[in-house]
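Me: I've got a structure loaded and want to talk it through. Can we go piece by piece?

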Number of protein chains: 4
Amino acid sequence: MTDLEVFATELRRFVAEREWAQFHDPKNLAMLLASEVGELVAEYRWVTGVAADEHSRAAAPRARITDEIGDVGIALVLLCERTGIDLLQAMSDKLERNRARYPVDRARGRADRPED
Amino acid sequence: MTDLEVFATELRRFVAEREWAQFHDPKNLAMLLASEVGELVAEYRWVTGVAADEHSRAAAPRARITDEIGDVGIALVLLCERTGIDLLQAMSDKLERNRARYPVDRARGRADRPED
Amino acid sequence: MTDLEVFATELRRFVAEREWAQFHDPKNLAMLLASEVGELVAEYRWVTGVAADEHSRAAAPRARITDEIGDVGIALVLLCERTGIDLLQAMSDKLERNRARYPVDRARGRADRPED
Amino acid sequence: MTDLEVFATELRRFVAEREWAQFHDPKNLAMLLASEVGELVAEYRWVTGVAADEHSRAAAPRARITDEIGDVGIALVLLCERTGIDLLQAMSDKLERNRARYPVDRARGRADRPED
């Protein structure tokens, strides 16, 4: 088992002990994910892009950002568990498609690519 | 290296080859994450909760959902790479805090918990 | 002036008195909007679709939902003010395009329309 | 009737003609709102805060941003219609609370306010 699978197993147990699977249909989990990402976005809304790296290193915001990233990751793993979608595989497959979609010679240094 | 670290290394190379790190400050990546989650949410907005599991298994929506999960995962790993936050650790730490916050005997079968 | 314009004027004064326009570039306001919508989504994540109307009427959730809708509306009006985009016109123009895009005879009773 | 009420009436007719009210419970509409905001956020994710005003004025992005603002506004008005929440009132009430929460002398020029 990978580390991610070990974590997913722990998470499944956490949910089972609380009998929360009944609330965790994929629609609800997509909403959980959206609400957690909203909290993460809130951490950066008043910070300039230039200051965003430093903001991510300062103790207090870093603790909050790490906490929100934990929430977002948990919501994403819950959704993958529920739907039986392999997160690592999904990311790898998408990265492969992105390689074809954004060839190095055309995409280099350009932010004006259509959609990510 | 864990599978997640192997993937993160590949992703870093993908970004470096395209010289995209200049666009990937944490603020922009939080926005990338929010926009990708918006696309995932769109997959479920007209599906009832009852039908959401089946919708996630049907071929065409499953392909799109897997694709969106890939995008969301990539955005999240990019943010973790940029900020130096360990995703697995952040999730494990948060799960630990959630264990304390939602004791089994009080949280069992209840969706009316305050915040996740 | 329409009621919306009267409100926008009040909102402009509120922002000016606090010297917050410096933080309110359109990028930051888009993030504000995303974070406020995340809070609104959180209100409905554990409620079934069937129970969502009733949930919206019950006193305590209704107060929170009204509050979040206020936040979302304010963020949207701030963005329109900053960019000089007329919200009512933008909505009317989009509704017009949606009329052409979803002709009654083809769209009636169908949720499987492509994108809204 | 205010302009906003006139628009809401048109929107209600648009939905009724297509028999879409069956899909428009408040949970689904909150998801519609989140997905539309995700598209708006996408418009600004690679633009710096400094360049975001100019980006909002350039013809092509302005047309897309206006379109997305139309979508977000429509989703918000649909939710208000469905729940019977008065958007203008909700915004005014929230602005009033924000006046108390962020007194001018303490909030002036400060972005580090807790939550908006």
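Me: Is B:Arg99 buried, partly exposed or exposed?
Reply: B:Arg99 counts as partly exposed, at 27% relative accessibility. Keep in mind that this is a predicted model.

Me: Which residue of chain A does B:Arg99 meet in a salt bridge?
Reply: A:Glu10. The N to O distance is 3.6 Å. A:Glu10 sits in helix α1 of chain A and B:Arg99 in helix α5 of chain B, so the pair joins two chains.

Me: How accessible is A:Glu10?
Reply: Its relative accessible area is 28%, so A:Glu10 is partly exposed.

Me: What partner does B:Arg99 have in chain B?
Reply: B:Glu96. That salt bridge has its closest N and O atoms 2.9 Å apart.

Me: How far apart are B:Arg99 and B:Glu96 along the helix?
Reply: Three residues, both in helix α5 of chain B, so about one helical turn separates them. B:Glu96 is partly exposed, with a relative accessible area of 48%.

Me: Zoom out. How many salt bridges over all chains?
Reply: The count comes to 40.

Me: And how many between chain A and chain B?
Reply: Twelve. One of the pairs is B:Arg97 with A:Asp67, at 2.5 Å, N to O.

Me: Which helices of chain A supply the side that touches chain B?
Reply: α1 (3-18), α2 (26-44), α3 (52-57), α4 (59-83), α5 (87-101) and α6 (104-107) of chain A each give at least two residues. The largest share is from α4(A), with 16 residues.

Me: What's the make-up of that side by class?
Reply: On the side of chain A that touches chain B, there are 37 nonpolar, 14 polar and 23 charged residues.

Me: How many residues does the contact take from each chain?
Reply: 74 residues from chain A and 73 residues from chain B.

Me: How much area do chain A and chain B bury between them?
Reply: About 6200 Å². Carbon and sulfur atoms hold 65% of it.

Me: How many residue pairs are in polar contact between chain A and chain B?
Reply: The count is 26, with both residues at pLDDT 80 or more.

Me: Other chains now. What does C:Arg82 form a salt bridge with?
Reply: D:Asp53, with the closest N and O atoms 2.8 Å apart. The pair crosses between chains: C:Arg82 is in helix α4 (residues 59-83) of chain C, and D:Asp53 is in helix α3 (residues 52-57) of chain D.

Me: D:Asp53, buried or exposed?
Reply: D:Asp53 counts as buried, at 18% relative accessibility. Its partner C:Arg82 counts as partly exposed, at 31%.

Me: Which residues do shared salt-bridge partners join into one network?
Reply: A:Asp67, A:Asp71, B:Lys94 and B:Arg97.

Me: New topic. How many disulfides over all chains?
Reply: Zero, from a search of the whole structure. B:Cys80 is in no disulfide, and its nearest cysteine sulfur, that of A:Cys80, is 14 Å away.

Me: Why no bond for D:Cys80?
Reply: The closest cysteine sulfur, in C:Cys80, is 14 Å from the sulfur of D:Cys80, too far for a bond. A disulfide needs the two sulfur atoms within 2.5 Å.

Me: Are those cysteines buried or exposed?
Reply: B:Cys80 is buried, with a relative accessible area of 5%. D:Cys80 is buried too, at 6%.

Me: Now C:Ile65. Where is it found?
Reply: In helix α4 of chain C. C:Ile65 counts as buried, at 0% relative accessibility.

Me: What is C:Ile65 in contact with, leaving aside neighbours within four places in sequence?
Reply: C:Leu40, C:Glu43, C:Tyr44, C:His55, C:Ser56 and D:Ile85.

Me: How far is C:Ile65 from C:Asn98 in space?
Reply: 27 Å, C-alpha to C-alpha. In sequence, C:Ile65 and C:Asn98 are 33 residues apart.

Me: Last one, backbone. What is the phi of B:Glu19?
Reply: About 55°, so to speak a positive phi, although B:Glu19 is not a glycine. B:Glu19 is found in the loop between α1 (3-17) and α2 (26-44) of chain B. B:Glu19 is partly exposed, with a relative accessible area of 43%.

Me: And what about D:Glu19?
Reply: Phi of D:Glu19 is near 55°, again positive in a residue other than glycine. D:Glu19 lies in the loop between α1 (3-17) and α2 (26-44) of chain D. Its relative accessible area is 42%, partly exposed.

Methods
Residues are numbered from 1 along each chain as its sequence is written. Chains are lettered from A and ligands numbered from 1 in the order in which they are written. This is a predicted model: local features need pLDDT of at least 70, side-chain atom pairs count only at pLDDT 80 or more; totals for chains, interfaces and linings use all residues. Side-chain values use heavy atoms; hydrogens and water are left out. Buried means under 20% relative accessible area, exposed over 50%, partly exposed in between (1.4 Å probe, protein chains only). Contact means heavy atoms within 4.5 Å. Buried area is the accessible area (1.4 Å probe) that two parts lose on being put together, summed over both. A salt bridge is a side-chain nitrogen of Lys or Arg within 4 Å of a carboxyl oxygen of Asp or Glu. A polar contact is a pair of N or O atoms within 3.5 Å; within protein, one must be able to donate a hydrogen and the other to accept it, and residues adjacent in sequence count only if both atoms are side-chain atoms. Helices (H or I, at least four residues) and strands (E, at least two) are DSSP runs, numbered from the N terminus. Ala, Val, Leu, Ile, Met, Phe, Trp, Tyr, Cys and Pro count as nonpolar, Asp, Glu, Lys and Arg as charged, and the others, Gly among them, as polar.
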